[in-house]
Amino acid sequence: MKFISHQVIYTSKLSSEQKALLDNALSPKYGYEVGLEFESLPYGEGSLSKSIDEETMILHHDKHHKKYFDNMTAILDENPELKKKYSLIELLRNLDEIPKNSREKFKNNAGGHFNHEFYWNLMSPKPQVEPKGDLKEMIDKQFGSFSKFKEEFVQTALDLFGSGWVWLCFDNSGKLRLGPFANQNNPHIEKCGIPLVGCDVWEHAYYLKYKNDREAYVNAWFDVVDWAFPEKILGEIK
Ligand code: MN
C-alpha cells in the first residue's frame, strides 16, 4: 500500500520499472496505490489476536490472499502489456481493458488482491480506535455519531447475504457512502468512489474463532481498525 501525493512510500520489493509505472500512472485522485507484488503482513500474525486469532490470520493471508494474488498474476503474465500500461487501481476501474475471456476471473482475483492488501493495512495492533478531524466531522454529519455509524456498519454486514465486503467510501459526489459489495467487489470496481474502510465478511475471515457469528466478528474487528489509515487517504484525495 502506497500513499502518493505528499510523500510516496515505496517498498523495497518494487522494481525500478514498477516504481516508474507508479510515478507515471498515478494521480492524486486515488490517494494511494496497491502494488502488483505480494507483501508480508505489516505486523505479526498473532498481534491482532484480541480480535482475530493467529491461525485465521495465517490462513487468510498465506492461503486465501495468496491464491487471489497468484490467479491475478497468471492473467497479467499472459497479458504483459497491461502491467506496463496500468496500475492495479486503473485496471480495476477499467476492466474492459482485460481480455473478455479472463475479465471475470481478473475482477475477482485482482479485486481480492487489492481488498486484502487494504484490509491488512487498515488494521493495527495499536490502532487509533476512533476517527478524528475531517473524517469524524463527516461521519457525525452523515450518520449522527461514530456509534451510530458503527451500528449501521454492523447491520450492513449482517444484511449482506453470502460472501462480500462492507465498504465505507468517499463517493463521487464528495460524501461518505456505506454499502455492501458482493464477492471481491469494491468502490474502484464499481466506480462509485474511493475506498476508506473495508471489512471482509467472507466466512474465511472469521469462522475459526467466531463460527457463524458474523456480528461478534465485525464488532471485535472494530477494535483493531486504525482510523489514522482512512484519515490519511481522505487527506490525500480531498
Ligand atoms: Mn478474505
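# Close-up views of a predicted model

**Figure 1. Lysine 191 in the loop between E4 and E5.** Lysine 191 sits in the loop that links E4 to E5. Strands (E, at least two residues) and helices (H or I, at least four) are DSSP runs, numbered from the N terminus. Lysine 191 is not a glycine, yet its phi is positive, at about 50°. Lysine 191 counts as exposed because 11 other C-beta atoms lie within 10 Å. The cut-offs are 20 or more other C-beta atoms within 10 Å for buried, 12 or fewer for exposed, and partly exposed in between, with C-beta atoms placed from the backbone. The model is predicted: local features need pLDDT of at least 70, side-chain atom pairs count only at pLDDT 80 or more, and totals for chains, interfaces and linings use all residues. Residues are numbered from 1 along each chain as its sequence is written.

**Figure 2. The whole protein and its confidence.** The protein holds 10 helices and 5 strands. Of its 238 residues, 34% are buried. pLDDT, the predictor's confidence in each residue from 0 to 100, averages 91 over the protein, and 89% of the residues score at least 70. Over residues 5–10 the pLDDT is below 50, and this stretch has 9 contacts in the model beyond near neighbours in sequence. Two residues are in contact if their C-beta atoms, placed from the backbone, lie within 7 Å. Where pLDDT is low, the predicted coordinates should not be read in detail. Among contacts in the protein with a separation of 6 or more, 67% join residues 24 or more positions apart.

**Figure 3. An open sheet with the order E4-E3-E5.** The sheet is open, has 3 strands and shows antiparallel pairing. Strands pair if DSSP finds at least two bridges between them. The edge strands, each pairing on one side only, are E4 (176–182) and E5 (193–200). From one strand to the next, the twist averages 30°. Axes are lines fitted to C-alpha atoms, for helices over the stretch in contact, and angles run from 0 to 180 degrees between N-to-C directions. E5 is mostly covered, with 8 of its 8 residues buried.

**Figure 4. Pairing of E3 with E4.** Strand E3 (residues 164–171) runs antiparallel to E4, and 7 bridges join the two. Phenylalanine 170 faces leucine 176 of E4 across the pairing. Valine 166 has proline 180 in E4 as its bridge partner. E3 and E4 form a hairpin with 4 residues between them. In the turn, glycine 174 has a positive phi of about 85°.

**Figure 5. Pairing of E3 with E5.** These strands also run antiparallel, over 7 bridges. Aspartate 171 stands opposite glycine 193 of E5.

**Figure 6. Helix H7 against the sheet and against H9.** H7 lies across E3, E4 and E5, at about 20° to E4. The axes of H7 (residues 146–159) and H9 (residues 214–222) come within 9 Å and cross at roughly 140°. This crossing of H7 and H9 is right-handed; the near helix is turned clockwise from the far one by less than a right angle, whereas anticlockwise would be left-handed. H7 contributes Lys150, Val154, Ala157 and Leu158 to the contact, and H9 contributes Arg214, Glu215, Val218, Asn219 and Phe222. The residues of this contact divide into 5 nonpolar, 1 polar and 3 charged. Nonpolar covers Ala, Val, Leu, Ile, Met, Phe, Trp, Tyr, Cys and Pro; charged covers Asp, Glu, Lys and Arg; the others, Gly among them, are polar.

**Figure 7. Lysine 211 between H8 and H9.** Lysine 211 lies in the loop between helix H8 (207–210) and H9. Its phi is near 50°, a positive value in a residue other than glycine. Lysine 211 is exposed, since 11 other C-beta atoms lie within 10 Å.

**Figure 8. Leucine 48 in the loop between E2 and H2.** Strand E2 (32–33) and helix H2 (54–78) flank the loop that holds leucine 48. Leucine 48 is buried because 23 other C-beta atoms lie within 10 Å. Leaving out residues up to four places away in sequence, leucine 48 touches Met57, Met123, Pro125 and Val224. The C-alpha atoms of leucine 48 and proline 125 are 5.4 Å apart, with these positions 77 residues apart along the chain.

**Figure 9. Glutamate 231 in helix H10.** Glutamate 231 belongs to H10 (residues 228–237). With 18 other C-beta atoms within 10 Å, glutamate 231 is partly exposed. Beyond neighbours within four places in sequence, glutamate 231 is in contact with Pro131, Lys132, Gly133 and Leu135. Glutamate 231 and leucine 135 are 96 residues apart along the chain, and their C-alpha atoms are separated by 6.2 Å.
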